[in-house]
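Hello,

Here is the structure I promised to pass on to you. Please open it first, and then read my notes below.

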Amino acid sequence: MTNSILHKYIHEFKNLQIDRAHGNAPHQPVLLFAAIELIEQGQISENKVLPSPELMEIFMKYWTKVTERQPNIALPFYHLSKRSFWHLHPNPGYEKALEVVTQIKTVTRLREIVAYASFDNDLFLLLTEPKTREIIRQTIINTYLAAFKEEIQNLIFEEQQIGEYSQKILQQVEREFSVLQQEESTQAENPIRKRAFRLTIMRIYEYTCAVCRLHILTLDGKSVTEAAHIIPLKKSYNNDVRNGISLCRLHHWAFDEGMISFSDTYKVIVSELMSERGPEEWKLTTLSDKGILLPERKELYPAQDALAWHREKVFRG
Ligand SMILES: [Zn+2]
């Protein structure tokens with residue numbers, strides 16, 4: 001039974017649309033790849049694929065490996081709905097709009113109209129099962145991306161490591177936070193772990209600056225926000241998520257330079273030991289006493305010990 005269902009979808013996946021007229025533009029295979037990866041990482045646990053920054057970021061990672069063309073995730077996200085296995089679900093109020101559109105060309109429009117996509121339920125089950133997921137993934141590679149097989153396999157392996165490390169640092173919150181060194185320096189600074197830390201913090205704060213709430217994403221998933229270590233990595237080698245916070249580039253700089261810090265009630269404290277000029281809304285002094293954006297889950301809040309450390313050792317008070 002499962003075999004015949006698997007067979008049916010393998011056939012579907014061997015017949016995805018590829019824009020061969022404009023060189024190789026494997027939008028659909030790469031989008032499916034990204035969705036499969038989020039399922040593998042446990043980021044997609046129910047049958048809903050959101051047009052999220054995470055999806056775009058993974059899409060871009062594979063995209064840049066296989067083509068130099070400009071990416072546009074909106075195209076395959078919409079056009080896959082012409083296949084019988086991919087279903088689009090409108091945002092409330094956009095039911096009619098989704099019925100009448102014939103294409104969606106931008107991510108902004110996609111997000112406006114579409115809440116999420118879902119797979120056929122039996123296909124989703126196959127994708128949650130490691131064995132069948134791998135068969136489907138290999139089908140996509142062999143059919144469309146065979147020339148890049150090695151790079152793709154390396155990326156998949158890297159992504160699996162990122163996923164595992166991300167799980168590990170999320171599970172750390174079950175233990176009490178410690179300002180002491182948590183890992184060997186070489187381990188903590190390993191590029192995979194750095195990326196996993198960044199990605200985990202970005203997901204917790206939804207790619208938004210905790211200080212000013214700025215959220216800017218490029219179409220290819222690059223963000224104005226960065227994952228800041230509260231106790232700097234070089235001092236603590238501590239990638240605990242409670243030692244992290246999402247900050248835009250300006251506020252990351254101001255935080256690392258000790259121009260701003262956070263109180264034990266999660267409010268911004270601003271140093272008086274500086275001079276600043278410029279538009280009022282950009283000045284650091286206007287942030288004084290402003291509450292910072294906090295994660296939904298309390299156990300992921302920045303650790304009080306880390307904030308105290310920053311106030312004492314970095315903040316120029
Ligand atoms: Zn900011």
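**What I found**

Of the 317 residues in the protein chain, 51% count as buried. Please keep in mind that this is a predicted model.

Let me begin with the chain as a whole. You will find 14 helices and six strands in it. Its C-alpha atoms fill a box of roughly 65 × 45 × 35 Å along the principal axes. If you look at contacts between residues at least 6 apart in sequence, 71% of them join residues at least 24 apart.

The surface and the charges come next. The accessible surface of the chain is about 16100 Å², and carbon and sulfur atoms account for 51% of that. As for charged side chains, 39 are positive and 41 are negative, with the centres of the two sets 3 Å apart.

Now to the metal. Which residues are the protein donors of the zinc ion? They are Cys-209, Cys-212 and Cys-248, each through SG, and His-251 through ND1. These donors lie 2.1 to 2.3 Å from the zinc ion. The angles among the four donor atoms run from 94 to 118°, and the site is tetrahedral. For comparison, the ideal angle for four tetrahedral donors is 109.5 degrees. Along the sequence, the donor residues follow the spacing C-x2-C-x35-C-x2-H.

Two of these donors, Cys-209 and Cys-248, link distant parts of the chain, being 39 residues apart. Cys-209 sits in the loop between α11 (191-204) and β3 (225-229), while Cys-248 belongs to strand β4 (residues 244-248). Are these two cysteines buried or exposed? Cys-209 is buried, because its relative accessible area is 0%, under the 20% cut-off. Cys-248 has a relative accessible area of 4%, so this residue counts as buried too.

One more residue to look at is His-215, which is also placed in the loop between α11 and β3. With a relative accessible area of 37%, His-215 is partly exposed, because that value falls between 20% and 50%. Leaving aside residues up to four places away in sequence, His-215 touches Glu-206, Tyr-207 and Thr-208. How far is His-215 from Ile-245? The two are 30 residues apart in sequence, and their C-alpha atoms are 14 Å apart in space.

If you would like a place to start, try the zinc ion with its donors Cys-209, Cys-212, Cys-248 and His-251, and then turn to His-215 in the loop between α11 and β3.

Best wishes

Note on methods: Residues numbered from 1 in each chain as written. Predicted model: local features only at pLDDT ≥ 70, side-chain atom pairs only at ≥ 80, totals over all residues. Heavy atoms only, no water. Helix = DSSP H or I, 4+ residues; strand = E, 2+ residues; numbered from the N terminus. Buried < 20%, exposed > 50% of the residue type's maximum accessible area, 1.4 Å probe, protein only. Contact = heavy atoms within 4.5 Å. Areas by Shrake-Rupley, 256 points an atom, 1.4 Å probe, with all protein chains shown as cover. Lys, Arg positive; Asp, Glu negative; His and termini not counted. Charge placed at Lys NZ, Arg CZ, Asp CG, Glu CD. Donors = N, O, S within 2.8 Å, 3.2 Å for Na, K, Ca; no water. Tetrahedral: all angles 85-135°; square planar, octahedral: opposite > 155°, others 65-115°.
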